[in-house]
Amino acid sequence: MMQRNRFSLLLLGFAPVAFLLLFVVSIRYGAKPIDASTVWDAFLHFDAGNADHQIIRHSRLPRAIGSLMIGAFLAISGALMQGMTRNYLASPSIMGVTDGSAFAITLGMIFVHGASSLEMILFSLIGSLFGVLLVFAAAALLPGGLSPVRMAILGTIIGTFLSSVSAAFAAYFQISQNVSFWYSSRLHQLEPSLIWLALPFAVIGIAIALLISRQITILSLGDEISRGLGLRNWLIKAAAMGAVVLLTGISVALAGKIAFVGLIIPHVARFFVGLDYRRIIPCAGCLGGLFLMLCDVLARFLNYPFEMPISVVTSLFGVPVFLYLIRRKGGGKHA
């Protein structure tokens, strides 16, 4: 316990340094490297006529901030889902949450012409809720459907179905080019205005996650134990799902579908800080932000000078971890 407490403090001290380092690398390097003095001038003496200044202020800065935020949001969402369901395979990308968001955004673009950025965020939030409810409803109706592996299979099937329907609608209504952003997760196309609009939703989602973190720890022990300790399981699960919907919905609205962050990072956080979700949730947020920033930087250099979609990079880490979890833990629930 003492060792894990020390690690928690070490992470809190190390995280700002790592964030700063990755932030600088993210701002400076890409298809066109930019020297440090130009970066400095772009912040202190911005020149609208300078192309490098425009790249820094309107592309790379929002991208760095966005990757940090989205990584944290998805990791916290995954931690909440894994603790709430005791399902070590639970994550927004596997349980249909991100696919539901993208599906609702597609419908919004079809039926609400000229939708504002705020409306797109609201569509995404509604879609997140729809996706996760669909998966849990299907799992509840099937024998043994709530087991980790079966829920993962159901989530994958329903997510694929929603993606296919979205693609069919987009092709029929000739908006495939417009919706491709949300399915290929291009962080370099992130709109700076969306970051500001997403902040209130993010604050609410993170606040809920932190407030119920102790109860999530109790829930992770099992429904019978938590009820025996006087916990209102349905209320805590509803609050946790609300936080997941908020954090995942705004993540998809900001940069599209990004896979595996919510699956990998909570396990890493749990390994280092133990089973207490009062530590897991903030630790997962920090590590998730760092992880996605790192993946974003790698995406620029794995096929230089061309960029690789961020989900390809996260999948390089996520798929082996996913297979390892299935092989190591089988169909059981985590403790």
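**A friendly tour of a helical chain**

Visitor: In which helix is the place of T38?
Guide: Helices are DSSP runs of H or I with at least four residues, strands are runs of E with at least two, and both are numbered from the N terminus. T38 falls within residues 36-44, which form helix α2.

Visitor: Where does this model come from, and how are its residues numbered?
Guide: This is a predicted model, in which local features need pLDDT of at least 70 and side-chain atom pairs count only at pLDDT 80 or more, while totals for chains, interfaces and linings use all residues. Side-chain values use heavy atoms, leaving out hydrogens and water, and residues are numbered along each chain as its sequence is written, from 1.

Visitor: Is T38 buried or exposed?
Guide: Buried means under 20% relative accessible area, exposed means over 50%, and partly exposed lies in between (1.4 Å probe, protein chains only). T38 has 13% relative accessibility, so T38 counts as buried.

Visitor: Which residues is T38 in contact with, leaving aside its neighbours within four places in sequence?
Guide: Contact here means heavy atoms within 4.5 Å. With those neighbours set aside, the partners of T38 are D52, H53 and I56.

Visitor: How many helices are there in the chain?
Guide: Let's look at the whole chain. Strands number zero, and every element in the order from the N terminus is an α. The count of helices is 14.

Visitor: What is the radius of gyration of the chain?
Guide: This radius is taken over C-alpha atoms, and the globule rule is 2.2 Å times the number of residues to the power 0.38. For 335 residues the rule gives 20 Å, and the chain comes close to that, so it is as compact as a globular protein of that length. Its radius of gyration is 20 Å.

Visitor: Which helix gives the most to the largest nonpolar core?
Guide: A nonpolar core is a set of buried Ala, Val, Leu, Ile, Met, Phe, Trp, Tyr and Cys residues joined through side-chain atoms within 4.5 Å. The largest one has 76 residues, and I70, L80 and I216 touch the most other members. With 12 residues (from 233-255), the top giver is helix α11.

Visitor: What is phi of F260 near?
Guide: Most residues other than glycine have a negative phi. F260, in the loop between α11 and α12, has a positive value although it is not glycine. Its phi is near 75 degrees.
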